[in-house]
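This report covers a helix pair and an internal cavity. The sequence and structure come first.

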Amino acid sequence: MEKRSPNTLRHRFNPSDRDTEPATKSVMRGPIGKTADGTRFQVPETHDMVTSLFNPFAPKSVFDLCTLWCMFCQVVLWLVLPRAIGRWVLLLCFVFWRLAYNVGLGLVLKHQSDAHGLVSAYQQRQVRKRPWIKRQLSLKMGNDYDFDTLPDEYNTWLLFRQLVDVVLMNDFVSYALFVLSWYNASVFSTSVYYMLGGLLRWSFGIFLIIFNVWVKLDAHRVVKDYAWYWGDFFFLIEQSLTFDGVFEMAPHPMYSIGYFGYYGLSLISASYMVLFVSIGAHALQFAFLILVETPHIDKVYNAKALPKHKPRVNMTLDDDIKLMMVALDKNAGRDMAPYYFRPDLIVFKNLDLCRSADLMSVVIMVYSVVVPLLVPGCAGQVVAFAQALAWRAIYSLGLGSLLKAQSDSMFYTRHFIKWGGTAADAFQHWKSIFNLALSMTYITFFVACCKFYSLPQDWTYGMTLLRHVLGLVFMALHVWTSVSIYDVLGDYGWFYGDFFIDQQRHTLLYTGIYRYLNNPEKIIGNSGFWGMTLMTNHWMIYVLALFSQLCNILFLQYVEEPHMHKLYGETIRQESGVTKTLRNAITMARDALPNLRSFHLVSSPVKSASTQIQKLETALGETVSSVTTAGEAGSNALKGMIHETRTSLAEKSQEPEPEYHVHVKSGDQSLALGHAISIDWSSSVPQQYRDSWVGVYRHNAAASYAAMAHGRTKGQWAWLMDTHHTAKKGTIVLKGTQIPWKPGTYECRLHSGKLHRTLATSAPFVIAASHPPKVDDSDTMQLFLLKMVQNLMANDVERMPMSEIDPFVLADNEAKLLATVVADTFNVTFAWQVLQMDTAVAKLTERIQQAHDVLGPKQRRFSAPINA
């Protein structure tokens, strides 16, 4: 289980980012926050939302009263409306609050993550100067909170928290009322069978609800209010968090197992409507995770650091010649991964019908599908069952025996060496055989299920609909498990590379899905087969699924585990994350029982009644004061808004429109392909931090929102002001991947950051391709490609190569652009992944020359540049 990608869990603070401010640090106590501009501040303590909301002795802000009022209105609807109408009204209420959560808050957080939109709006609207906001935020904070001294990022986060509280609490209440309104009481019966089923249903449902509550509480214990309310979208905190407990049990527990209560309530309510709505709500939560939170986590905590250039020191000309000779060697400088792992077929990924192995695999797959479907009746079912059984035996037992022999005596590799082959040849053929057997195992099982499946006449009869729902869930779980395993293992582990490759470093790292399960294939690796079995509901498919499960257990027990112990020995973890978490939870519960027995509620009164009455009076007084202030502030704000609107309209009618100008420094000459683009801009209105931006477009291209979004997606744009300053003019330099790498006529456009409105357009300018060198001239070729690579890397001296033999690493987007330039310039096409393997200009030159030699006289020895 070799690590392939970094763990996606958040690390709250990188020690390398710590500012050296000993004077400030010595004064501050508790967690320290840090804004985007480097401002450090002490983070005040925040209080639990549920406690402050429902505690009658705590003062209530206007936001709290709004939350309680919305909840009260929904309860009234549940009590007053007839059941036939109320259930649909409450369903719409839940849909509204769920969309407000996943879509509304998602868009707001995405805007904040991409452009600091909330903080910018806070600053532009001068919220800091509004005393009503100050009072509402200070009302629920302690003595360590000072509205005026804390940075805008923190106060914006507190305001955002108020919105989150309104949405989350009403989302929960609306779901609970929706479940109550759709509760199915018709399933109750005095039959022993139904009573036993109801007892199991209620027991498991209650267990899921209790488990859900424990997951949420334990997750909050770990991440605190800071991460619970997405604090890292606004500022970072210098605090190390230990992701133990429930975070060792499942990935993103607040979004995955943290919603098991939905399914517990679905079981208790015995309503398919509740189940389907719960599945849809859970799917929206995963969409929120994938589209909003995960990109932000990757940007803030898992940003890929490209390797920097290492300068050569104390090297003579002879050293340069030796290194050049090594670089020109066919396999020189290439690491093991490109040598062993070409873009091989993984199920259907990397399919290339020009390769014989891929073509034969597709032919066999098509035959296995067509033949059983063409044979009618029971004979077709027998054929489908027999081939599924045979391919499972080939995959688990046949290939298992082969891997066992390979582990014991290198049997498979010895066979190829015997006939003049190499270890690479053995591994390459093994990958083709393994992928074919794996794919056929799934395809033939699916075909067998299709032959035995019959469409239900009554979907509401018995467990029919539930079987199909569970079947789809199991299949989705299987797909997620397989993808997660591949993300951790990569090609090396997927193809059992440690059975064949001795050069690989044998280090066992528990990341990704292996952080929670020692061997996920043993636990949930066959869930997809059982899902298809539940949907088919035929005894022969149950036999086939049981046989598949047994074969999988035998393979893991007698092939994989002995080999793992041979390679990794004592480094193998004995206890998985799930087991550890459950054991700790049981231990804590057992230790807490004596304390519960000795707890006497009567002997410990809540201080005194007079104290509580005094607290209640104080809280009511502060709440009434807050409401009164809110009313006065609202009236004054409305009057002020009307006055400001009238004044603004009068002023705008007299003031001239703002002027914007943008100019490209190209002179009368065209810009060479890859050359940096210098842009002068000016504005009669001061430009603030990330307020407007400049993009590069084809001349006379459509000025639509889609075109602007496409330009920003390709990275051909830049902010006018990327620092916290204001200016009316300046110069922007676009280079590297920010510029177009296709010859042609272009123009620059200045856009408003909020409305994407075009404010100014530059005069057209030309990007022309340079005349390419002759492919036979190695020196000229290397100088030409060296300059191209340096321009692609934006002439970053810390990354770019300084000579033809200096190693470098291209990012994915840089490699794609280089492949385009090579294709246009030398009339030969390479996959960008191939060019990414060439970590020196000398290797890239040799590859292009070899391609021209192989293509022969039909390939031109030099290519004319594309006309601008």
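Which helix gives the most to the lining of the second largest cavity? The model is a predicted one, and in it H7 contributes the most to that lining, with four residues.

**Cavity**

The count comes to four cavities of 30 Å³ or more. The second largest has a volume of about 130 Å³. Its lining is made up of Thr46, His47, Met49, Ser52, Gln136, Leu137, Lys140, Met141, Leu158, Arg161, Gln162 and Asp165. Two or more of the lining residues come from each of helix H2 (49–54), helix H6 (131–139) and helix H7 (152–181). By class, four of the lining residues are nonpolar, five are polar and three are charged.

**Helix pair**

Helix H16 (residues 423–452) packs with helix H19 (residues 527–536) at an angle of about 10 degrees, and their axes are 9 Å apart. Angles under 35 degrees count as roughly parallel, so H16 is roughly parallel to H19. On the H16 side the contact is made by Thr441, Tyr442, Phe445, Phe446, Cys449 and Phe452. H19 supplies Phe529, Met532, Thr533 and Thr536.

**Residue classes**

The table lists the class counts for the cavity lining and for the helix contact.

| Site | Nonpolar | Polar | Charged |
|---|---|---|---|
| Lining of the second largest cavity | four residues | five residues | three residues |
| Contact of H16 with H19 | seven residues | three residues | no residues |

Charged residues are thus absent from the contact of H16 with H19, whereas the lining of the second largest cavity has three.

Definitions and conventions:
Residues numbered from 1 in each chain as written. Predicted model: local features only at pLDDT ≥ 70, side-chain atom pairs only at ≥ 80, totals over all residues. Heavy atoms only, no water. Axes fitted to C-alpha atoms, helices over the stretch in contact; angles between N-to-C directions. Parallel < 35°, antiparallel > 145°, perpendicular 65-115°, else oblique. Contact = heavy atoms within 4.5 Å. Nonpolar A, V, L, I, M, F, W, Y, C, P; charged D, E, K, R; others polar. 1 Å grid on protein atoms, 1.4 Å probe; cavity = no way out; pocket = protein on both sides within 12 Å on 5 of 7 lines; lining within 4 Å. Points joined across faces, edges and corners; volume = space filled by probe spheres on them.
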